[in-house]
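Visitor: I would like to learn how to read a model of this kind, beginning with the place where chains meet. Could you take me through it step by step?

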Amino acid sequence: MIKKKINNYFSKRNCTLLGVGPMSVNCVDSVIELANEYNAPIILIASRRQIESEQFNGGYVNNWTTSQFANYVRNKDKGKNIILARDHGGPWQNNNEIEQKMSLDQAMKSAKNSFKSDIDAGFNVLHIDPSIDINGSVPKNKLIDRLFELYEYCWDYAKKSNKEIAFEVGTEEQSGSTNTPDDLNETLYLIEKFCKKNKIPFPTFVVIQTGTKVMETRNIGSFDSPLRVENEIAAEIQVPKMIEICKNFNVLMKEHNTDYLSDDSLMWHPRLGIHAANVAPEFGVAETVAFLQILENNNLCSLALKFIELSYNSKKWHKWMLPNSKASVREKAIISGHYIFSTPECVELKKEASLNLKKNGIDLDARLCEQIKKSIFRYMYNFRLTEIA
Amino acid sequence: MKSIATIILNRNLPEVTDKLYEHLAKYDGAETDIYVLEAGSDKDKLSKYCTWHANSDEIINQGLRYSRGMNYALLQLYKEKKWKQYEGFFLITNDTEFSNSKTLKPLVEILQEHKKIGILSPCSSRWGEKLLLQKEDTKYFWFIHNNALLLRRAFIESIMETEKADYLNFIFDGTNFRGYFSESELIAKAYSNNWAAAITSKVFAEENESYLLKKADLIKTESYDENIRLYLQEGLVWLKRKYGFNSRWSMQQYVKSFYDNFFNYNPELKKYKI
């Protein structure tokens, strides 16, 4: 069903589907509004840290559990344009599993429970990513075994529950290097063999390293770089080669970490044949930047400073920093802003800001959504999801 | 009889150039004659192996860079009637570094084995492309970005300017001064004339960028960052003027279309396709 829906859309227009990370309630609302306004499918790609089942106490985005999030989206998405997707489901993809130092068996069981909630909540696409292991790097054959175990589990459970799901596979997230055509060929061949043997549908999407990597508020990968990036296959070679392999296996190619690419690079996505691309932190950053600007332009500088302090102290910016970064406290706070939107302190701060702004006739959330939508629309336009500029 | 002419491009770095010359003479002297082009170098900074000293006011002021420099040197060989004595021309800048072993012999053997290769590039240990050359050491590519290229004479003869040849147009388009997209244009010309462009991991060549980083003033060029900025900016302007392309991806698709077509006409060579 979902595969058919996507293929139908591709048959009508040559485009790149957009996957958006649900960075905040405003971000989710913006996605739903844009998808329905332009009657274009948008995939909401929820990581386990962002949205998680009740047994894990939800995720950092609005503290939503999987079912709460799915219900919220389904109720608002009148045109049924939103595709709900789990992004990077798998063992140790949730902080609890890492903090509790779960064994492989425990982490696999935990991941299965998370997937079960996704299927129950009516998610359409499950990205199975077993690439993380807290005990160090794992040989490829072991990762493939874990992938197959989770794949089979999800398929069996969905079938029993009478739910339709599509799969996304692919690993090496943010590795900063490119996987080779031989690697991809081999992986897809093994998956094809497994699917045929077990009479399970082949994945709809495969994540391909195209030379995109997000650090701070930039994309530092080779895709957007006209110059060679050391030890990476030149994007001019990598991208068309990977697309060719995806075509051979009749699987849609999905790019991750597309944030901050230039308009020129984005515009070429549909023309090069990149079927889908994920963007996440850029939209969180867009909201945080807009939030600070609104506060500062309306004499609410003390609230802005308090937000910066809260966000900076969360240290959530840490994983995004370049080595020897010269980013200021403010810049770091902007990078981590969306992680703290749902903390009690920030909810309180935002409430106070909203009340003050209301006196000036300003609807804070409406203003924030305006900026997020602008940021998302750049992708929709360049990906040919709409032709209206 | 030596089948290869090696051309080294120098600007004011005589020690570096002499070292490269001596390295090639030691390991590859049996395969190649070596020519050194001084691209507007100061009189007191000429390599002791200098063959030609391009020293017009314009060249002294701004140098020649790869495209104009190689056009200049190749044209000199042509004018001096040395052209026909070589089967290929190895074009390198003075910041190229090779391992302590033979470079040209393996490259010449590849040209002999692969009759359709017009452009042959050594790989670099810093390129991801080496991952594509693990099972087979030589493959045909649609994109090569390198300052060390071995060009087959027969290929050059199929594309070179013969009527009004000068250092701006003999092989490379010298109006693209810093040369962004130069290799891509050359590769497109190769495939469109039924020649292939290959990278081999049988030989590695490294570009020592430290000279550009640390000795920009001596080479009389802009700082590294400024040079990169101009390289990209001027290249994009050139691309738009000459081809009407607005993006590097247009050029990539243009070259790849010739590449794909090459294998339609030469299906027996598909095993060398990446």
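Visitor: How many residue pairs are in polar contact between chain A and chain B?

Guide: This is a predicted model, and between chain A and chain B the count is 13 residue pairs in polar contact, with both residues at pLDDT 80 or more. On the side of chain A that touches chain B, the elements that give two or more residues are α7 (181-198), α8 (235-249) and α9 (263-272) of chain A. Of the elements on that side, α8(A) gives the most, with 7 residues.

Visitor: How many salt bridges does the rule find across the interface of chain A and chain B?

Guide: The rule finds 5 salt bridges across this interface. In a salt bridge with a distance of 3.0 Å from N to O, the side chain of R228(A) meets that of E129(B). There is also a network of salt bridges that links K241(A) and E244(A) with K256(B), D260(B) and K273(B).

Visitor: What is the area buried between chain A and chain B?

Guide: The size of an interface is often given as the accessible area lost when the parts come together. Here the area buried between chain A and chain B is about 2300 Å², and carbon and sulfur atoms give 61% of it. In chain A, the residues that lose the most area to chain B are R228(A), E236(A) and I237(A), which together account for 29% of what that side buries. Counted by residues, 28 of chain A are in contact with 26 of chain B.

Visitor: Which salt bridges can I look at within chain B, and are their residues buried or partly exposed?

Guide: A search of the whole structure finds 36 salt bridges over all chains, and three within chain B can serve as examples, among them the pair E80(B) and K82(B), whose closest N and O atoms are 3.2 Å apart. E80(B) counts as partly exposed because its relative accessibility is 31%, and K82(B), at 26%, is likewise partly exposed.

Guide: Next, K105(B) and E109(B) meet through their side chains in a salt bridge of 3.2 Å, N to O. These two residues are 4 residues apart in helix α4 (residues 104-113) of chain B, so about one helical turn separates them. K105(B) is partly exposed with a relative accessible area of 35%, and E109(B) is partly exposed at 37%.

Guide: In helix α5 (residues 153-159) of chain B, R153(B) and E157(B) are also 4 residues apart, and therefore separated by about one helical turn; their side chains meet in a salt bridge of 3.1 Å, N to O. R153(B) is buried, with a relative accessible area of 12%, whereas E157(B) is partly exposed at 29%.

Visitor: Why is strand β1 of chain B largely enclosed by the rest of the structure?

Guide: Look at each residue of the strand in turn: 7 of the 7 residues of β1(B), residues 4-10, are buried, so the strand is largely enclosed by the rest of the structure. I4(B), T6(B), I8(B) and N10(B) point one way from the strand, while A5(B), I7(B) and L9(B) point the other way.

Visitor: Which strands pair with β1(B), and in what sense?

Guide: β1(B) pairs in the parallel sense with strand β4 (residues 88-93) of chain B over 6 bridges, and in the parallel sense with strand β2 (residues 32-39) of chain B over 7 bridges. To find your place, note that A5(B) has F89(B) as its bridge partner in β4(B), and that I4(B) has T32(B) as its bridge partner in β2(B). Together with helix α1 (residues 14-28) of chain B, β1(B) and β2(B) make a right-handed β-α-β unit.

How values were computed
Residues are numbered from 1 along each chain as its sequence is written. Chains are lettered from A and ligands numbered from 1 in the order in which they are written. This is a predicted model: local features need pLDDT of at least 70, side-chain atom pairs count only at pLDDT 80 or more; totals for chains, interfaces and linings use all residues. Side-chain values use heavy atoms; hydrogens and water are left out. Buried means under 20% relative accessible area, exposed over 50%, partly exposed in between (1.4 Å probe, protein chains only). Two strands pair if DSSP finds at least two bridges between them. A crossover is right-handed if, with the strands pointing away from the viewer, the path from the first strand over the helix to the second runs clockwise. Contact means heavy atoms within 4.5 Å. Buried area is the accessible area (1.4 Å probe) that two parts lose on being put together, summed over both. A salt bridge is a side-chain nitrogen of Lys or Arg within 4 Å of a carboxyl oxygen of Asp or Glu. A polar contact is a pair of N or O atoms within 3.5 Å; within protein, one must be able to donate a hydrogen and the other to accept it, and residues adjacent in sequence count only if both atoms are side-chain atoms.
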